[in-house]
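Please walk through this model with me. Start at the DNA, then move to the place where the protein chains meet.

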Number of protein chains: 2
Amino acid sequence: MTSRRPPTAQQFVLEELRRAITTGRLRPGEPIRQEVLAGELDVSRVPLREALKTLQGEGLVGHRAHRGYFVEQLSLDDLREVYLIRDLLEAEAVRRAVGRLTDAGLAAAETAQAEVERAAEAADVLAMAEANRRFHMAIFECAGLPRLVRLIRTLWDSTDAYRSVYYAEEHNRQRVIEEHRATLDLLRRRDAEGAVALLAGHRAAAVQAIESMLG
Amino acid sequence: MTSRRPPTAQQFVLEELRRAITTGRLRPGEPIRQEVLAGELDVSRVPLREALKTLQGEGLVGHRAHRGYFVEQLSLDDLREVYLIRDLLEAEAVRRAVGRLTDAGLAAAETAQAEVERAAEAADVLAMAEANRRFHMAIFECAGLPRLVRLIRTLWDSTDAYRSVYYAEEHNRQRVIEEHRATLDLLRRRDAEGAVALLAGHRAAAVQAIESMLG
DNA sequence: TATTTGGATTTTGGATCCAAAATACAGGAA
DNA sequence: TTCCTGTATTTTGGATCCAAAATCCAAATA
C-alpha cells in the first residue's frame with residue numbers, strides 16, 4: 001500500500017482535504033481560508049478551489065458567494081437521513097447484485113473481507129475502513145448499475161468521519177467481521193432478501209452506536 | 001419570470017452550460033474546448049472550469065486528466081437507471097411528504113400546477129418543464145428531508161434533455177396535467193400509497209414514451 | 001453607552017500568464 | 001505502402017496578478 005502521489009495537484013489536494021475533514025483536522029463549521037490552506041499544501045489556490053468544488057458536490061463542504069467555503073457539519077438528523085437514503089439504495093443494489101452474482105464478484109468480496117479481518121486484528125482503523133468499503137462496493141458493483149454505485153459511494157464519503165469513530169471500538173470491529181461473514185454465506189446461497197435484511201441491520205447497528213457515542 | 005443575471009460569473013456560466021447541454025447545443029461525447037467556450041460566454045477559463053467541476057459532480061460532464069471535459073451521453077440504459085433510482089428515492093419522499101403535509105405545502109403544489117396548465121396551454125415546453133419541476137419538488141420538500149430532495153434534484157438535472165423531448169408532444173402534456181390533478185386529489189385525501197403508485201406510473205409512462213421516441 | 005458610519009484590511013472571484021501533457025503531423029526506415 | 005519517430009502545435013493544469021465584495025475596527029453621533 002505505498003500511496004504514490006497522484007498525477008495532478010488537484011487530485012492530491014482532493015485526497016488531502018478528504019483526510020483533513022474526516023479526521024477532523026478541518027473542523028465542521030469552520031471557514032476555509034484558501035490562502036493558508038494552499039500554502040500548507042504547497043499549491044496555488046486554483047487547484048484547491050476546484051477540489052473544493054467537487055467536495056461541495058459531495059456535500060462535504062458548503063459555499064456561499066463571496067463568503068467562501070466552509071466544512072459542512074453533519075447533524076445527527078443529517079446522519080440519519082444519509083443512512084435512510086443508503087437503506088433505500090443499497091437494498092436495491094444488493095437485490096440486483098445477488099441476481100447476477102459472478103464468481104469473480106464473490107471472490108472480490110472475499111478478498112476484501114480477508115483484508116478487513118487483517119486490519120481489525122492489527123487494530124488499524126483507517127485500513128479497516130478502507131477494506132470495509134471495498135467489501136461492500138465489491139458486492140454493489142455486481143448489480144451492474146454504475147450510477148447507483150457512484151451515488152452510494154458519495155453517500156459513504158459524506159459520513160466517513162463517523163465511521164472511523166465506529167471502528168475505534170474493539171467490539172464494533174468484531175461485530176462487523178461477523179456480519180460480513182454471515183453476509184458472504186447468504187450471498188453464496190443466493191439469498192437476496194436475507195442479505196438485504198442482514199445488511200439493513202448492519203447499518204442500523206452502526207448508526208445506533210454512533211448516535212449513542214455522540215448523543 | 002424576468003431572469004436576472006446571477007451575481008457571479010460562475011453561476012451564470014453554470015446556467016448557460018446546463019441549457020447548452022440539455023438543448024443539445026453541446027453534443028454528447030463532444031470534447032469541451034475551454035478557450036472557445038469561455039470566449040463565447042465572455043468570461044475567463046477559471047469560472048468556466050469551476051462550473052464544469054460542479055457539472056462533473058452531477059454526472060452531466062465527464063473529465064479525464066490532461067484530456068479535458070466532455071459532455072457525458074446518457075445511453076438508454078443510463079436513462080433507465082436514473083429512473084430506477086428516482087423510483088426508490090421519490091417513493092420514500094412522497095410517503096413521508098404525505099405524512100407531514102401542510103396547507104402551505106399543498107398550496108405550493110397547487111400553485112405550481114396552475115403554472116403547468118398555463119404553460120401547457122401556451123405550448124411553452126421550457127416553462128412547462130420548469131413548472132412541472134416546481135410541482136414535484138413542492139411535494140418532496142414536505143418530507144422534511146433536505147438531502148434526499150437535493151439528490152432527487154440532481155437526478156432530474158441529469159435527464160433534463162429527455163424531459164423536454166417528452167413535453168414536445170401535445171398528448172404527453174395533457175397526460176401530465178391529468179396525472180398531476182389526480183395526484184393533488186390523493187394528497188388532499190392523505191392517501192400516501194395511492195400517490196406513490198400514481199407517481200410511479202407517471203414516471204414509467206414518461207420513460208416508456210421517451211424510449212419509443214428514441215429507440 | 002449603544003449604534004451607526006466610514007474607511008482600512010482581508011478574502012474571495014476572476015483574468016492573465018506560464019508550464020507540462022497530449023495530439024497532430026511530417027519525414028524517414030522497413 | 002505502412003509503421004515508427006521526432007517535432008510543432010494545441011490544450012489543459014497551475015501560478016500569479018488584479019478587482020470586487022465582505023469583514024473589521026475606530027471614530028462620530030444620538
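The surface near DNA strand D holds six nonpolar, eight polar and five charged residues. Here Ala, Val, Leu, Ile, Met, Phe, Trp, Tyr, Cys and Pro count as nonpolar; Asp, Glu, Lys and Arg count as charged; the others, Gly among them, count as polar. "Near" has a cut-off: one heavy atom of the residue lies within 4 Å of the strand. This is a predicted model, in which local features need pLDDT of at least 70 and side-chain atom pairs count only at pLDDT 80 or more, while totals for chains, interfaces and linings use all residues. Residues are numbered from 1 along each chain as its sequence is written, chains are lettered from A and ligands numbered from 1 in the order in which they are written, and side-chain values use heavy atoms, with hydrogens and water left out.

How many residues surround DNA strand D? There are 19, and the closest are A:Ala9, A:Ser44, A:Arg67, B:Ile32 and B:His63. Now look at the DNA side. Of the strand D atoms within 4 Å of the protein, 70% belong to sugar or phosphate, and the rest belong to bases.

Next, zoom in on single atoms. The side chain of B:His63 has an N or O atom 2.8 Å from a phosphate oxygen of DNA strand D. B:His66 uses its backbone instead: an N or O atom there lies 3.3 Å from a phosphate oxygen of strand D. B:Arg45 reaches a base, with a side-chain N or O atom 3.0 Å from a base nitrogen of strand D. Two or more residues of this surface come from each of α1 and α3 of chain A and α3 (45-57) of chain B. Helices (DSSP runs of H or I, at least four residues) are numbered from the N terminus.

Now turn to the two protein chains. In chain A, 31 residues are in contact (heavy atoms within 4.5 Å) with 31 residues of chain B. The buried area is about 2600 Å², and carbon and sulfur atoms give 63% of it. That is the accessible area (1.4 Å probe) that two parts lose on being put together, summed over both. A:Lys53, A:Glu81 and A:Arg147 supply 25% of what chain A buries against chain B, more than any other three residues.

Charges also pair up here. Four salt bridges (a side-chain nitrogen of Lys or Arg within 4 Å of a carboxyl oxygen of Asp or Glu) are counted between chain A and chain B. One of them joins A:Arg49 and B:Glu50, with the closest N and O atoms 2.9 Å apart.

Terms used. Polar contact = N/O pair within 3.5 Å; in protein donor to acceptor, adjacent residues only side chain to side chain.
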